Amino acid sequence: MKIGESEIPFLPKKLSIIFDRTRWEEKALIKAARRKRLQTELIDAKTLCLDVETRYDAKTYGDVVLQRCISYFRGLHVTAVLEKNGLSVVNSFDTSLVCGNKLLTSLALAKAKVPTPKTCVTFTPEAALEAMDRIGYPAVIKPVIGSWGRLIAPVNDRATAETILEHREQMNSSLLQIHYIQEMVNRPPRDIRTIVVGDRVTVSIYRSAPAGVWRTNVALGATTTPCPITGELEDVAIRAAKAVGGGVLAVDSMESPDGIVVHEVNSTIEFKGAAAATGVDIAKKIIEYLIEISKR
Ligand SMILES: Nc1ncnc2c1ncn2[C@@H]1O[C@H](COP(=O)(O)OP(=O)(O)O)[C@@H](O)[C@H]1O
Ligand SMILES: [Mg+2]
């Protein structure tokens with residue numbers, strides 16, 4: 001008798017996907033997990049009440065948990081609870097913490113000798129001005145925590161620096177009193193996103209900004225095309241992923257006159273553009289990695 005697909009038993013492995021919004025990526029991951037016959041539990045983090053004394057185990061949360069919250073702080077705190085209960089979460093607390101904070105990422109990259117733009121951090125507007133004078137104009141200033149290009153500003157001269165710092169002072173945000181300052185990389189109007197799953201590069205894409213737009217975030221209109229995976233790119237991306245603790249990561253880099261420099265490593269990755277540009281089933285690669293992890 002031919003067994004119909006619905007009669008094929010699920011694998012004994014169980015996967016939980018914790019999310020706070022269902023994007024294209026979550027749907028693709030759920031489909032890929034079901035195709036692999038994984039028992040898949042979907043957990044909306046917004047409905048969770050995690051008790052510090054309760055023991056959460058694999059029976060409830062599965063052999064491996066994929067943390068997909070858009071909110072950095074929500075994802076980090078859920079991960080803290082589950083990891084303290086001995087559960088295996090992708091990405092780990094340490095990796096998520098480092099990737100979500102640009103200064104911690106820069107420190108990890110520098111320690112591992114991964115090429116990265118010259119960067120410094122200051123804690124007052126006066127010290128920030130001095131740092132920008134030293135780093136030279138144009139410079140770049142960023143919030144240490146943030147994404148989608150928000151509040152990333154090119155600083156073309158001292159007058160602009162003073163204005164931005166005055167605005168930051170007026171904003172009632174302790175995060176914006178941390179001034180993360182970077183050299184402006186002389187790059188083409190694009191950057192490179194390389195997706196690393198475990199210890200392998202899955203795909204790499206260029207993200208090209210529309211005319212007149214400086215930031216190359218897809219959220220700001222950048223278009224995606226495949227990027228050849230050269231030996232240099234592969235080496236830098238794998239070392240960058242390892243430097244932040246490894247997992248399922250998107251390593252963002254720029255083509256500087258001296259070679260590839262990594263400016264960011266993303267932990268809860270969006271890959272719709274990369275999948276469309278390359279035709280690679282990235283969700284499937286991620287699920288295969290989770291199955292591998294669950295066997296360890
Ligand atoms: N040092 C830099 N030199 C040139 N361009 C930069 C630099 N830093 C950021 N950018 C541009 O701004 C975009 C957003 O910066 P990024 O650090 O990736 O922040 P976010 O986490 O918000 O994406 C980058 O993709 C890139 O196009
Ligand atoms: Mg970015």
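Which residues have the most contacts inside the largest nonpolar core? The close-ups below, all taken from a predicted model, start there.

**View 1. The largest nonpolar core, shared by two domains.** This core has 55 residues, and I195, A240, V244, L249, V251 and I286 are the ones with the most contacts inside it. Domain 1 (5-98) and domain 3 (186-287) both chip in residues, so the core lies between them. As background, nonpolar side chains tend to be buried together in soluble globular proteins.

**View 2. Zooming in on V251 and the residues it touches.** Leave out anything up to four places away in sequence, and V251 touches T194, V196, A237, A240, A241, V262 and V265. One of these, A240, is also on the list of residues with the most contacts inside the core.

**View 3. A separate core of 12 residues.** Apart from the largest core lies this other one, and among its members are A128, V140, A161 and L165.

**View 4. Strand β6, covered on both faces.** Side chains in a regular strand alternate between the two faces of the sheet. In β6 (residues 139-142), A139 and I141 sit on one side, V140 and K142 on the other, and all are buried. On to the neighbours: β6 runs antiparallel to β7 (residues 153-155), joined by three bridges, with A139 standing opposite V155. Strand β8 (residues 179-183) is also antiparallel to β6, and four bridges join the two; here I141 has I181 as its bridge partner.

**View 5. How the chain splits into domains.** Domain 1 covers 5-98, domain 2 covers 119-183 and domain 3 covers 186-287. Going by C-alpha atoms, the centres of domain 1 and domain 2 are 36 Å apart.

Technical notes. Residues are numbered from 1 along each chain as its sequence is written. Chains are lettered from A and ligands numbered from 1 in the order in which they are written. This is a predicted model: local features need pLDDT of at least 70, side-chain atom pairs count only at pLDDT 80 or more; totals for chains, interfaces and linings use all residues. A nonpolar core is a set of buried Ala, Val, Leu, Ile, Met, Phe, Trp, Tyr and Cys residues joined through C-beta atoms within 7 Å. A residue is buried if 20 or more other C-beta atoms lie within 10 Å of its own, exposed if 12 or fewer, and partly exposed in between; C-beta atoms are placed from the backbone. Domain bounds come from an automatic or database domain assignment. Two residues are in contact if their C-beta atoms, placed from the backbone, lie within 7 Å. Two strands pair if DSSP finds at least two bridges between them.
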